[in-house]
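Good morning, everyone, and thank you for making room for me today. I would like to walk slowly through one protein model with you, so please have a look at it before I start.

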Amino acid sequence: MSRPAPRVLVLRALGLGDLLTGVPALRALRRAFPGHETVLAAPAQLAEVAAATGAVDSLLPASAPGRAVPVRLEWPGPPPEVAVDLHGKGPSSHLLLHRLRPGRLLAFAHPGTPEIAGPEWTADEHERTRWCRLLQWYGIPADPGDLLLPPPPGRSPAPGAVVVHPGADSPARRWPPDRYAAVVRALLDRGHRVALTGGPGEDALLDRIAVPGLEVFRGGLPYGRLAALVAGARAVVSGDTGIAHLAVAYGTPSVTLFGPVSPGLWGPPEGTRHVALWHPGPPGDPHGREPDPQLLLIRPADVLKALSDHPEVSRP
């Protein structure tokens, strides 16, 4: 009887955008530990996108409200050979993994877990770069630019559409619906095909934006259909949320509205394909109950100009 492959456990029990910004680190771990089974501890609904990265063998369902650390992991079998904390800076996430008694634990240093050696956490650092730097400290080469996903197998339900996604996890990152409606009307007037999407529970928000001629996808599309829609889109317009990272992953032109968090921390790679709209100012509360003041400085005309100036988007 053959022995089971040694396992690498990676903790990143967060959302879609978080998983996609962690793809470069996940791929670096895959290269560093050939012959190992890579297990990702993440919400169950991310199983398809985790598989699409090509760097994850199986998903261990794990989640907590907000961006908290799960209370426990239902880890089966012997301890993992390697555990990697791509979730937080500790000590809660460190100790969650430490209790499994892994052979090695890779994590940032923290005074609350002095037994774990690691690099210093830096707050002012892009999310993709942060996790690659963690691995590099341990001698594992990692490229923050290694983030593209292969084309999804399904056909887009709205090929060539400009996809507009007004939702976000917190009100602080939701641009007002009347402004999205103004953008949608202008795009339709210019002859663009426009598709409106939202997550589960956001149908009422979509109804406030819907106008004649608009294709509306309610109820929160399953990942495979959403991936095909984004990959086949002319462009994606959204706030700083998961679908913006999905556009980056599939190389689809995007216009992302930032506030209260700077694109320097969560934004797309620099270049002509992706536009980050942002009015610099003091950082706000990403979990606030009202749209962030910096986000409200962005006007529909700014979004429309970014689209009309984009060489891949300007013509219907």
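Let me begin with a question about a single residue: is Ala-25 buried or exposed? Ala-25 is buried, because its relative accessible area is 1%, and buried here means under 20%. Before I go further, I should say that what you see is a predicted model, so please keep that in mind throughout.

Ala-25 sits in helix α2, which runs over residues 23–32. If we leave aside residues up to four places away in sequence, Ala-25 touches Leu-86, Trp-131, Cys-132 and Leu-135. You can also find Val-10, which is 15 residues apart from Ala-25 along the chain, and the C-alpha atoms of these two are separated by 10.0 Å.

Now let me step back to the whole protein. There are twelve helices and eleven strands, and along the principal axes the C-alpha trace spans about 65 × 45 × 35 Å. For 316 residues, a compact globule would have a radius of gyration near 20 Å, and because the protein has 20 Å, the two agree. Buried residues make up 54% of the 316 residues, while the protein exposes about 14100 Å², of which carbon and sulfur atoms supply 55%. If we take the contacts between residues at least 6 apart in sequence, 59% of them join residues at least 24 apart.

Let us turn to the sheets, beginning with the one that contains Val-10. This is an open sheet of five strands in the order β3-β2-β1-β4-β5, and the pairing is parallel. At the edges stand β3 (58–61) and β5 (104–106), and because each has a single partner strand, one side of each is left without a neighbour in the sheet. From one strand to the next the twist averages 20°. Within this sheet, β1 (residues 7–11) pairs with β2 (residues 37–42) in the parallel sense over five bridges, and Val-10 stands opposite Leu-40 in β2.

A second open sheet has six strands in the order β8-β7-β6-β9-β10-β11, again with parallel pairing. Its edge strands are β8 (215–217) and β11 (274–277), each of which pairs on one side only. Neighbouring strands of this sheet are turned by 15° against each other on average, with direction ignored. Strand β9 (residues 235–239) and strand β10 (residues 254–257) pair in the parallel sense over four bridges, and the bridge partner of Val-236 in β10 is Ser-254.

Helix α9, residues 242–249, packs on this sheet, where it touches β6, β7, β9, β10 and β11, and its direction makes about 150° with that of β9. How many of the eight residues of α9 are buried? Eight of the eight are, so the helix is largely enclosed by the rest of the structure; among them are Ile-243, His-245 and Leu-246. Just after α9, Gly-251 takes a positive phi of about 65°.

Let me come back now to helix α5, residues 127–137, which holds Arg-130. You might ask whether a residue of this kind lies inside or outside, and here the value decides: Arg-130 counts as buried because its relative accessibility is 4%. Not counting residues up to four places away in sequence, Arg-130 touches Phe-108, Trp-121, Thr-122, Ala-123 and Glu-125. Two of those names return when we look at the rings, since ring pairs link Phe-108, Trp-121 and Trp-131 into a cluster.In total the structure holds five aromatic pairs. In one of them, Trp-137 and Tyr-138 are arranged edge-to-face, at 4.9 Å centre to centre and with 75° between the planes. Trp-137 counts as partly exposed because its relative accessibility is 47%, whereas Tyr-138, at 17%, counts as buried.

My last stop is Ser-93, whose place is in helix α4 (residues 92–98). At 2% relative accessibility Ser-93 counts as buried, and its contacts, with residues up to four places away left out, are Leu-11, Val-69, Asp-85, His-87 and Gly-88. Thank you for listening.

Notes
Residues are numbered from 1 along each chain as its sequence is written. This is a predicted model: local features need pLDDT of at least 70, side-chain atom pairs count only at pLDDT 80 or more; totals for chains, interfaces and linings use all residues. Side-chain values use heavy atoms; hydrogens and water are left out. Two strands pair if DSSP finds at least two bridges between them. Helices (H or I, at least four residues) and strands (E, at least two) are DSSP runs, numbered from the N terminus. Axes are lines fitted to C-alpha atoms, for helices over the stretch in contact, and angles run from 0 to 180 degrees between N-to-C directions. Contact means heavy atoms within 4.5 Å. Buried means under 20% relative accessible area, exposed over 50%, partly exposed in between (1.4 Å probe, protein chains only). The radius of gyration is taken over C-alpha atoms; the globule rule is 2.2 Å times the number of residues to the power 0.38. Accessible areas come from the Shrake-Rupley method with a 1.4 Å probe; for residues, only the protein chains shown count as cover. Rings of Phe, Tyr and Trp (its six-membered ring) pair if their centres lie within 6.5 Å; planes under 30 degrees apart count as stacked, over 60 as edge-to-face and the rest as tilted.
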